[in-house]
Amino acid sequence: MGKVVLVTGAARQLGGRFVRRVQRDPDVERVIAVDAVEPGHELGEALFVRADIRRPAIARVLAEHAVDTVVHLDVSGFALGAQARTAVKETNVIGTMQLLGACQKAPAVQRLVVKSSTGVYGSAPRDPAVFHETTPPKSLPGGGFAKDAAEVEGYVRGFARRRPDVAVCVLRFANILGPGADSPLADYLSLPVLPTVFGYDPRLQFVHEDDVIDVLGIAASEPRRGTLNSGTFNIAGDGVLLLSQCARRLGRPTVPMLLPAVTWVGQALRAVGMTDFSPEQIRLLTHGRVVSTVQMRETLGFAPKYSTGETFADFARSRAPGLLPPAAVGRAVDRVAAAVPRITGPGGDTHPTPSAR
């Protein structure tokens with residue numbers, strides 16, 4: 001890892017954890033933690049610099065400390081209300097532009113790591129079953145954090161062309177969960193009753209916050225033998241979960257609604273500040289999204305410690321019990337499944353009878 005590491009978004013929970021983690025690397029001489037607000041958590045021996053990456057002052061920070069590794073974590077989708085959303089968008093897009101411009105002029109910079117999201121693929125009815133890093137989205141994100149992430153990646157690609165001497169790594173994270181998760185999806189899953197889109201049960205992937213910290217460390221270091229940590233990588237735990245499975249494991253009842261009603265409920269929840277139920281999240285909870293992690297394992301050389309199911313279980317343990325006991329719901333579902341009449345098809349396969357469907 002570079003001897004001088006600059007981390008943006010240090011006031012956020014994820015940024016603070018990475019700042020504390022990277023200091024334990026014996027090859028790191030100094031860690032510069034940057035954010036526009038004072039962090040509410042400890043940053044260890046890191047030097048905190050209060051700076052807004054939307055301002056040209058970030059270039060002076062890079063030059064003054066001779067930063068050689070930049071880890072850009074100040075790309076977030078968490079916002080409540082119109083003004084907050086506007087500020088977050090400016091930090092995501094304009095802040096990234098300023099940061100990349102500063103990196104371009106800083107000859108000491110050798111490595112750039114950027115936090116992105118699998119939201120850049122969008123969520124649409126005709127999506128492929130699995131997205132690969134080279135799969136173009138069927139429908140470009142029309143707004144929100146997903147659009148910000150797509151714009152950020154476009155600027156990063158331009159920077160990589162202008163500075164081919166800099167190793168650039170873009171990490172597209174699936175939905176990040178864990179005991180300390182602070183995201184719109186975590187807020188949604190913490191509601192006492194989950195509004196869902198009638199007729200849809202989307203497939204979801206999760207990545208544990210501990211795995212996020214581990215893979216950021218790999219991306220910010222010199223690549224291990226036989227691996228390459230430059231390029232774009234999907235990051236997610238193994239397996240998928242259906243939204244209905246998530247609700248049962250949380251013990252939270254669901255209320256299926258027609259799509260227009262879900263949109264109205266989402267606007268109401270945003271207005272009262274309960275959760276950022278944005279249009280992009282509604283599309284995710286309608287069509288879902290699954291990505292391939294082959295390149296993460298074979299090229300980046302990273303194997304998550306937590307699967308999607310294990311990640312969600314750790315998240316569920318940190319939340320208050322739901323209205324429905326998960327064990328009792330599971331037994332009820334098993335009894336219903338056992339009571340469904342089944343017929344034997346060709347080759348001995350069994351299927352529910354047409355009436356049961």
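This passage describes the fold of a predicted model, from the overall make-up to a parallel sheet and the helices around it.

Residues are numbered from 1 along each chain as its sequence is written. In this predicted model, local features need pLDDT of at least 70 and side-chain atom pairs count only at pLDDT 80 or more, while totals for chains, interfaces and linings use all residues; side-chain values use heavy atoms, with hydrogens and water left out.

The secondary structure comes to 12 helices and 15 strands, where helices (H or I, at least four residues) and strands (E, at least two) are DSSP runs numbered from the N terminus. Of the 357 residues of the protein, 49% count as buried. Here buried means under 20% relative accessible area, exposed over 50%, and partly exposed in between, with a 1.4 Å probe and protein chains only. Contacts (heavy atoms within 4.5 Å) often span the sequence: among those between residues at least 6 apart, 78% join residues at least 24 apart.

Turning to the sheet, 7 strands form an open arrangement in the order 3-2-1-4-5-6-11, with parallel pairing; two strands pair if DSSP finds at least two bridges between them. Strand 3 (47–50) and strand 11 (231–235) stand at the edges with a single partner strand each, so one side of each is left without a neighbour in the sheet. Neighbouring strands of this sheet are turned by 20° against each other on average, direction ignored. For such angles, axes are lines fitted to C-alpha atoms, for helices over the stretch in contact, and angles run from 0 to 180 degrees between N-to-C directions.

Strand 4 (residues 69–72) is a handy place to follow the pairing. On one side, 4 bridges join strand 4 to strand 1 (residues 4–8), running parallel, and Val 5 stands opposite Thr 69. Strand 4 is also joined by 4 bridges to strand 5 (residues 111–117), again parallel, with Arg 111 as the bridge partner of Thr 69. Strand 5 in turn pairs with strand 6 (residues 167–173) in the parallel sense over 7 bridges, and Arg 111 stands opposite Ala 167 there. In a regular strand the side chains alternate between the two faces of the sheet. In strand 4, Thr 69 and Val 71 point one way and Val 70 and His 72 the other, and all are buried.

Helix 2 (residues 57–65) lies across strand 1, strand 2 (30–35), strand 3 and strand 4, and runs at about 175° to strand 2. The buried residues of helix 2 are Ile 58, Val 61, Leu 62 and His 65. They cover an arc of only 95° around the axis, taken from the directions from the helix axis to the C-beta atoms, which puts them on the same side of helix 2. On the other side, Arg 60, Ala 63 and Glu 64 are exposed. Just after helix 2, Ala 66 takes a positive phi of about 50°.

Thr 91 lies in helix 3 (residues 82–105) and is buried, with a relative accessible area of 14%. Leaving aside neighbours within four places in sequence, Thr 91 is in contact with Ile 53, Arg 54, Asp 74 and Thr 96.

Finally, the axes of helix 7 (residues 243–250) and helix 11 (residues 308–317) come within 10 Å and cross at roughly 35°. The contact is made by Cys 246, Arg 249 and Leu 250 of helix 7 and Gly 309, Phe 312, Phe 315 and Ala 316 of helix 11.
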